[in-house]
Amino acid sequence: MHSFLSTTVIALAMSSLPWLASAQTKLITEAEAQTPNLQVPSTRAITRGPGISLLSPTEVAGKAFAFKLAFEPRGGAKIDAGSIKFEYLKQPLVDLTSRFKPGLNGNQLELPQVSIPTGTHPIRVSVRDTEGREAHTIIHLNAK
């Protein structure tokens with residue numbers, strides 16, 4: 001009886017693993033989306049800091065989509081993973097870093113199942129390299 005019970009518990013635990021792996025991350029809540037946008041002046045500057053490249057489309061199905069981003073170090077420096085920050089440009093500013101961090105793997109960020117409310121969502125991504133050079137970009141995700 002004990003062996004049967006142990007086998008059943010292990011089987012149940014194993015069957016829940018795929019569900020956990022595909023769990024959806026809510027990047028932005030409805031309440032956060034309803035707050036006023038933060039007006040951020042646009043700046044253009046040449047920087048030797050790391051590159052930030054969005055690898056997924058900006059037009060998304062808000063209920064479920066994959067989010068991919070790459071950080072590109074330059075000049076032999078490495079990405080300082082502890083410096084990566086994601087901010088939702090709203091009043092007040094919303095730090096989304098903890099929602100994105102689980103998808104970070106080296107210089108890539110990949111979240112296979114995320115959701116956001118309908119609308120346009122400005123997210124500022126910041127990163128620094130091991131030489132102390134910083135880079136920032138604003139991504140505008142448009143969910144339909």
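Start by selecting Glu87: at 9% relative accessibility this residue counts as buried, where buried means under 20% relative accessible area, exposed over 50%, and partly exposed in between (1.4 Å probe, protein chains only). Before going on, a word on what is loaded: this is a predicted model, in which local features need pLDDT of at least 70 and side-chain atom pairs count only at pLDDT 80 or more, while totals for chains, interfaces and linings use all residues. Residues are numbered from 1 along each chain as its sequence is written, and side-chain values use heavy atoms, with hydrogens and water left out.

**Stop 1: around Glu87**

Keep Glu87 selected and add Lys85. The two form a salt bridge, with the closest N and O atoms 3.7 Å apart; the term covers a side-chain nitrogen of Lys or Arg within 4 Å of a carboxyl oxygen of Asp or Glu. Lys85, at 35% relative accessibility, is partly exposed. Now add Arg124, since salt bridges that share partners join Lys85, Glu87 and Arg124 into one network. Arg124 is also the bridge partner of Glu87 in β9.

Next, colour the strands. β5 and β9 pair in the antiparallel sense over 4 bridges; two strands count as paired if DSSP finds at least two bridges between them. Strands here are DSSP runs (E, at least two residues) and helices are runs of H or I with at least four, numbered from the N terminus.

**Stop 2: the hairpin and its proline**

Follow the chain on from β5. A hairpin of 5 residues joins β5 to β6, and 2 bridges link these antiparallel strands. To see the pairing, pick Tyr88, which stands opposite Val94 in β6. What kind of peptide bond joins Gln91 and Pro92? Zoom in and check omega: the bond is cis, at about 0°. Pro92 lies in the loop between β5 (85-88) and β6 (94-95).

**Stop 3: His121**

From Tyr88, hop across to His121 in strand β9. Is His121 buried or exposed? Its relative accessible area is 2%, so His121 is buried. The His121 side chain makes a polar contact with the side chain of Tyr88 at 2.6 Å, and also reaches the backbone oxygen of Pro117 at 2.7 Å. A polar contact is a pair of N or O atoms within 3.5 Å; within protein, one must be able to donate a hydrogen and the other to accept it, and residues adjacent in sequence count only if both atoms are side-chain atoms. Show the surroundings too: not counting residues up to four places away in sequence, His121 touches residues including Ile28, Ala33, Ile139 and His140. Contact means heavy atoms within 4.5 Å.

**Stop 4: the core**

Select Phe67, Leu69, Phe71, Phe86 and Phe100. These residues have the most contacts inside the largest nonpolar core, which has 27 residues. Such a core is a set of buried Ala, Val, Leu, Ile, Met, Phe, Trp, Tyr and Cys residues joined through side-chain atoms within 4.5 Å. The elements giving two or more residues to this core are β4 (65-72), β5, β8 (108-115), β9 (119-128) and β10 (134-143). Centre on Phe100 and, leaving aside neighbours within four places in sequence, you'll find Leu27, Phe67, Phe86, Leu109, Leu111 and Ile123 in contact with Phe100.

**Stop 5: Ser115**

Now go to Ser115 in strand β8. Ser115 is buried as well, with a relative accessible area of 6%. Among the residues Ser115 touches, beyond those up to four places away in sequence, are Gln24, Leu27, Gly62 and Phe65.

**Stop 6: two more salt bridges**

Of the 7 salt bridges counted, try Glu110 with Lys68, at 3.8 Å from N to O. Glu110 lies in strand β8 and Lys68 in strand β4, so the pair ties together parts that are 42 residues apart in sequence. Glu110 is partly exposed at 42%, and Lys68 is partly exposed at 33%.

Then select Lys144 and Glu59, whose closest N and O atoms are 3.5 Å apart in another salt bridge. This pair links distant parts of the chain, with Lys144 in the segment after β10 and Glu59 in strand β3 (residues 59-60), 85 residues apart. Lys144 is exposed at 68%, whereas Glu59 is partly exposed at 44%.

**Last stop: zoom out**

Show the whole protein chain: 3 helices and 10 strands, in the order α-β-α-β-β-β-β-β-α-β-β-β-β. Of the 144 residues, 33% are buried.
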